[in-house]
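Please open the structure in your viewer and keep the selection tool at hand, because each stop of this tour asks you to pick out a few residues and look at what surrounds them.

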Amino acid sequence: MNQPTGKKTGILIVNLGSPASPKTADVRRFLREFLGDPRVVNIPRLIWWLILNLFILPFRPRKSAHAYQSIWTEQGSPLVVFTRDLSAKLKARYGHEGLFFDYAMRYGQPKLSDKLQAFKQQQVDEIIVLPLYPQYSSTTTASIFDVFAAELASWRHIPSLRFISDYYRQPAYINAVADSIRLHWQNHGQAELLLMSFHGLPAKLTELGDPYFYHSQATALAIAKALGLADNQWQLVFQSRFGRAEWLQPYCVEVLGNLPKQGIKHIDVVCPGFAVDCLETLEEIALTNQDIFLQAGGESYRYIPALNDSDIHAEVIFQLTIPAQ
Ligand SMILES: C=CC1=C(C)c2cc3[nH]c(cc4nc(cc5[nH]c(cc1n2)c(C)c5CCC(=O)O)C(CCC(=O)O)=C4C)c(C)c3C=C
Ligand SMILES: [Fe+2]
Ligand SMILES: [Fe+2]
């Protein structure tokens with residue numbers, strides 16, 4: 001393993017972030033920051049500013065706050081708590097006087113810039129940033145890069161840097177997800193179909209060069225292959241459509257509504273694009289979409305959790321970020 005050499009490395013895992021609380025005012029503050037990011041919604045600023053302030057921020061926060069309330073825990077938002085606990089596990093297992101682990105959020109708290117400042121105080125020689133998005137997207141990964149670069153722009157002494165832009169091809173990640181699915185099958189049995197659901201994106205981003213669609217396809221194929229699944233035993237879908245534009249297809253909710261008509265009534269659902277469980281998996285996939293499937297005539301629907309703060313996830317991340325000697 002990595003022995004102390006006098007060199008200091010700081011490893012920062014970064015996730016999307018959550019509102020400070022599931023109250024409407026905090027959700028509004030969060031959505032303003034998130035949806036105001038030009039990486040997330042890339043249309044002319046003035047037009048978007050009007051749409052956001054007139055049609056979205058007066059209404060959406062109340063609806064989203066209800067959704068957040070249904071998954072909020074005593075410790076806070078699942079996304080933040082799992083990310084924090086994963087970081088604590090990395091620190092406990094792999095940290096030493098030359099290797100620091102910490103976590104930050106792109107929106108909300110804790111801030112990426114504060115954590116980079118802390119590494120500066122510790123006089124690290126190298127900073128490794130791992131966005132917790134296995135598949136690269138301009139809307140997520142690049143947005144983290146923007147904040148990372150903006151913070152460093154004011155530093156006099158830039159240390160060595162590594163920004164990990166994706167990890168969907170890494171065998172450690174693919175095998176960890178495949179193992180978690182196999183374990184679920186050992187405990188609960190294997191359903192007729194494994195649905196692999198990824199967060200969606202506006203479809204036009206693919207034409208503009210965002211590789212997320214291909215990264216998602218490659219991930220689903222690799223997991224299906226690792227599990228030895230035949231083509232009719234799994235399907236890839238995209239969830240969480242936002243707004244009226246065309247998003248990546250097939251849409252999760254449409255597929256869920258059609259499967260029972262095609263005679264498929266028992267499904268397992270996994271979300272390999274989410275490193276930790278969050279609103280989009282715990283509320284949308286595990287609650288809302290389960291209802292859609294059962295209402296359409298489905299009989300059993302099981303959500304397979306994300307890797308979260310498991311030992312295996314910490315090991316995957318350590319392998320991805322292991323610093324050069
Ligand atoms: C234009 C809108 C959005 C794009 C593009 C988008 C891409 C995208 N998002 C994730 C991961 C997450 N998104 C989450 C919540 C969330 N996403 C959007 C909109 C877009 N996402 C909204 C408005 C929200 C907030 C909730 C709501 O009002 O519906 C989350 C969960 C955060 C949490 O606190 O739990 C995650 C994670 C990815 C990976 C992605 C592109 C690949
Ligand atoms: Fe999202
Ligand atoms: Fe959603």
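Begin by selecting serine 197 together with valine 237, which is its bridge partner in strand β6. Now widen the selection to the whole of β6, residues 234-239, and you will find that this strand pairs with β5 in the parallel sense over six bridges. You are looking at a predicted model, and this pair of strands is a good place from which to explore it.

Select strand β5 by itself next, residues 193-199, and ask how many of its seven residues are buried. The strand is mostly covered, with six of the seven counted as buried. For one of the contacts that β5 makes, turn to methionine 196, whose bridge partner in β7 is valine 270. Strand β7 covers residues 266-270, and four bridges join it to β5, with the two strands running parallel.

Keep valine 270 selected and add isoleucine 304, its bridge partner in β8. Between β7 and β8 there are five bridges, and the pairing is again in the parallel sense.

With these strands displayed together, you can follow an open sheet of four strands in the order β6-β5-β7-β8, in which the pairing is parallel. Which two strands stand at the edges? They are β6 and β8, the latter being residues 300-304, and each has a single partner strand, so one side of each is left without a neighbour in the sheet. As you move from one strand to the next, the twist averages 25°.

Now add the helices that accompany these strands. Helix α7, residues 171-188, lies across β5, β7 and β8, and its direction runs at about 140° to β8. Helix α9, residues 212-227, also packs on the sheet, where it touches β5 and β6, and its direction makes about 150° with that of β6.

The next stop is ligand 1, so hide the sheet for a moment and show what surrounds the ligand. There are 21 residues around ligand 1, and the closest are Ser18, Ser64, His199, Cys278 and Leu279. By type, the shell divides into 11 nonpolar, eight polar and two charged residues. Colour helices α3 (60-71) and α11 (279-295), each of which supplies at least two residues of this shell. Then colour the two domains, and ask why ligand 1 lies between them. Domain 1 (9-167 + 311-321) and domain 2 (171-304) both give residues to the shell, and therefore the ligand lies between the two.

Finish in the loops, where some details of the backbone deserve a slower look. Go to the loop between β2 (99-105) and α5 (112-121), which holds proline 110, and look at the peptide bond that leads to this residue from glutamine 109, which is cis, with omega near -10°. Another cis peptide bond joins glutamine 249 and proline 250, with omega about 0°, and proline 250 is found in the loop between β6 and α10 (252-258).

Serine 240 lies in the loop between β6 and α10, and although it is not a glycine, its phi is positive, at about 60°. Is serine 240 buried or partly exposed? It has 19 C-beta neighbours inside 10 Å, and so it counts as partly exposed, since a buried residue would need 20 or more.

The last residue to select is asparagine 308, in the loop between β8 and α12 (311-321). Its phi is near 50°, a positive value in a residue other than glycine, and with 18 other C-beta atoms within 10 Å, asparagine 308 is partly exposed.

Notes: Residues numbered from 1 in each chain as written. Chains lettered and ligands numbered in written order. Predicted model: local features only at pLDDT ≥ 70, side-chain atom pairs only at ≥ 80, totals over all residues. Near = placed C-beta within 6 Å. Nonpolar A, V, L, I, M, F, W, Y, C, P; charged D, E, K, R; others polar. Domains from an automatic or database assignment. Buried ≥ 20, exposed ≤ 12 C-beta atoms within 10 Å, placed from the backbone. Pairing = 2+ DSSP bridges. Axes fitted to C-alpha atoms, helices over the stretch in contact; angles between N-to-C directions. Contact = placed C-beta atoms within 7 Å.
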